[in-house]
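Colleague: Could we go through this model together, feature by feature, so that I learn how to read each kind of value before I rely on it?

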Amino acid sequence: MLQTKFPESFLWGGATAANQLEGGSNVDGKGLSVSDVYIFDENISKERWADQWHMMTHRQVEEAQDPSSEKYYPKRNGIEFYRHYKEDIALFAEMGFKCYRMSLAWTRIFPNGDELEPNEAGLEFYDRVFDELNKYGIEPVVSLSHYEMPLHLATEYGGWINRKVIDYYVRFATTVFKRYKDKVKYWMTFNEINCVKHHPYVSLGVIEENHPHIEQAKYQGAHHQFVASALATKACKESNPEAKVGCMISYQLLVPYSCDPDDIQATVEKQRESLFFSDVQARGYYPNYTARMFAEKNVVLKTEPEDEKIIREFPVDFVSFSYYMSSAVSAHPEKLEGAVGNLITGGIKNPYLPTSDWGWQIDPKGLRTALNQLYDRYQKPLFVAENGLGAMDVLEEGDIIEDDYRISYLRDHIKQIKEAIIDGVDVFGYTSWGCIDMISASTNQMSKRYGYIYVDQDDMGRGTKRRIKKKSFEWYKNVIATNGEQLD
Ligand code: BG6
């Protein structure tokens with residue numbers, strides 16, 4: 001039957017991540033995470049802000065652990081959701097959120113990652129958050145790991161390249177599945193798992209300097225995450241057979257720059273490199289093309305006999321993804337202008353698309369294509385876990401923030417989700433990114449804002465932390481109230 005509307009049960013909401021939002025990094029026993037060591041420095045040129053996101057050095061990590069360091073580490077403070085969570089959730093409820101995508105700080109529960117027993121104070125914090133959400137009938141959608149593994153596992157064990165980390169992750173996962181089995185139904189195992197390719201430090205706890213053959217390290221770490229994800233899915237079902245577990249990838253629609261057959265082949269290969277991760281997690285096995293891909297990269301995985309079985313037996317229930325932009329691919333990029341702000345894959349500037357202030361190529365129709373491609377490929381329910389516009393907002397007198405550019409970006413993307421629903425795609429939720437302003441993952445800025453709710457805080461953490469509704473707040477409230485029927 002032709003579906004022409006968003007389903008009644010559609011999960012509208014917003015998304016955040018603990019490391020960018022919570023703060024409270026030195027209270028109630030929390031340990032340091034890999035994200036807590038990134039600095040923000042006003043004196044470094046804007047173009048260089050995201051460098052550390054791509055590659056972290058030993059020296060930077062050590063300096064960050066020195067208590068006398070005077071540098072500013074924004075993710076240790078976030079926007080102090082740890083103290084403000086009731087007020088923030090009340091605002092989400094006022095917008096009518098049906099769900100809230102959030103992540104757990106692994107380091108709040110296992111501060112170093114290798115402890116035998118969890119930190120009760122950390123578990124209690126999330127009890128309070130889930131209870132608060134439940135009070136308003138907001139369904140939590142929870143990522144276990146969103147760029148915040150314990151720093152200790154990176155420095156002492158070498159991160160995910162070490163097989164022991166699987167056990168620590170599964171202990172963490174099992175602890176929270178048991179504890180929150182009556183409070184959380186939707187889980188995601190790893191945020192943007194395919195980004196291990198682009199930023200192995202924050203995704204895998206792998207410091208590139210240690211690995212002359214970095215491709216080998218990335219895929220070995222990813223293999224361990226696949227095994228860990230499957231074991232976690234098994235543990236989740238044992239705690240609550242009704243719970244749903246999803247994978248989460250960064251989906252950047254890739255299109256050939258031209259109809260040159262070389263561009264088309266280059267696009268197919270790049271897309272496979274990215275979808276390889278969800279292929280394994282959604283289908284439960286390594287696809288055939290992996291053999292050639294690994295041979296060409298000179299990657300030889302070290303596996304255990306039981307790995308294949310566990311990955312096959314416990315694929316994910318649903319596929320979720322972030323979608324911000326699309327990118328053109330050329331077999332001859334040296335002749336063309338690059339999409340400069342495109343942090344994830346590089347890529348070529350698409351002359352048909354506008355860009356955000358950070359150079360991300362805005363392509364709403366690409367979201368419809370993405371949904372169709374993923375559904376054709378997996379035939380599993382889809383969830384749009386992130387989408388949004390990072391912009392410099394202006395707070396005007398009288399607490400006014402006219403963010404029409406954000407409304408327009410979101411409206412154009414939501415329209416395309418509806419088109420995909422009419423196409424027959426099974427998509428059950430949408431959580432726009434950064435429903436409340438928080439620290440940028442890649443640049444560590446506060447001024448790269450995505451929210452419906454403004455937070456009075458600057459790039460160096462100065463400000464009152466006051467929460468202020470933007471124009472988009474009322475707009476999104478109406479979108480949810482009309483179940484996506486009124487978008488203007
Ligand atoms: C996604 C991440 O890649 O993009 C988020 O899952 C991140 O953590 C979001 O915040 C937007 O990126 P940025 O760098 O603008 O914060």
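Colleague: How far from an oxygen atom of the ligand is an N or O atom in the side chain of H146?

Modeller: Some ground rules come before the answer: this is a predicted model, in which local features need pLDDT of at least 70 and side-chain atom pairs count only at pLDDT 80 or more, while totals for chains, interfaces and linings use all residues. Residues are numbered from 1 along each chain as its sequence is written, and side-chain values use heavy atoms, with hydrogens and water left out. A polar contact is a pair of N or O atoms within 3.5 Å; within protein, one must be able to donate a hydrogen and the other to accept it, and residues adjacent in sequence count only if both atoms are side-chain atoms. In this case an N or O atom of the H146 side chain is 2.8 Å from a ligand oxygen. Two further contacts can be read in this way: a polar side-chain atom of S440 lies 3.2 Å from an oxygen atom of the ligand, and for the side chain of Y450 the distance to a ligand oxygen is 2.5 Å. The ligand on its own has 370 Å² of accessible area, of which the protein covers 96%; such areas come from the Shrake-Rupley method with a 1.4 Å probe, and for residues only the protein chains shown count as cover.

Colleague: Which residues come nearest to the ligand, and what classes make up the shell around the ligand?

Modeller: A residue is taken as near a molecule or strand if one of its heavy atoms lies within 4 Å of it. There are 13 residues around the ligand, and E192, A441, S442, K448 and Y450 come nearest. By class, the shell has five nonpolar, five polar and three charged residues, where Ala, Val, Leu, Ile, Met, Phe, Trp, Tyr, Cys and Pro count as nonpolar, Asp, Glu, Lys and Arg as charged, and the others, Gly among them, as polar.

Colleague: Where in the fold does Y450 lie, and why does Y450 count as buried?

Modeller: Helices (H or I, at least four residues) and strands (E, at least two) are DSSP runs, numbered from the N terminus, and Y450 lies in the loop between β10 (427-433) and β11 (453-455). Buried means under 20% relative accessible area, exposed over 50%, and partly exposed in between, with a 1.4 Å probe and protein chains only. Y450 counts as buried because its relative accessibility is 10%.

Colleague: What is the sign of phi in E192 and in N444?

Modeller: Phi of E192 is near 40°, a positive value in a residue other than glycine; E192 is in the loop between β4 (186-190) and α9 (200-204), and its 9% relative accessibility makes it buried. N444 is likewise not a glycine and has a positive phi of about 65°. N444 belongs to the loop between β10 and β11, and at 1% relative accessibility N444 is buried.

Colleague: Which backbone atom does the side chain of D36 reach?

Modeller: The D36 side chain reaches the backbone nitrogen of S33, at 2.9 Å. D36 sits in the loop between α1 (18-21) and α2 (51-54), and its relative accessibility of 2% places D36 among buried residues.

Colleague: How many cavities of 30 Å³ or more does the structure hold?

Modeller: Rolling a probe the size of a water molecule over the atoms shows where empty space is left. On a 1 Å grid over the protein atoms alone, a cavity is a set of points where a 1.4 Å probe fits but cannot get out, and lining residues have an atom within 4 Å of a point. Grid points are joined across faces, edges and corners, and a volume is the space filled by probe spheres set on the points. The structure holds nine such cavities of 30 Å³ or more, and the second largest has a volume of about 80 Å³. Of the 13 residues lining this second largest cavity, S145, F190, N191, S203 and Q225 are the closest to its centre. The lining comprises seven nonpolar, four polar and two charged residues.

Colleague: Is E8 buried or exposed, and how far is E8 from F428?

Modeller: E8, in the segment before β1 (11-15), is exposed at 72% relative accessibility. E8 and F428 are 420 residues apart along the chain, with their C-alpha atoms separated by 9.7 Å.

Notes: 1 Å grid on protein atoms, 1.4 Å probe; cavity = no way out; pocket = protein on both sides within 12 Å on 5 of 7 lines; lining within 4 Å.
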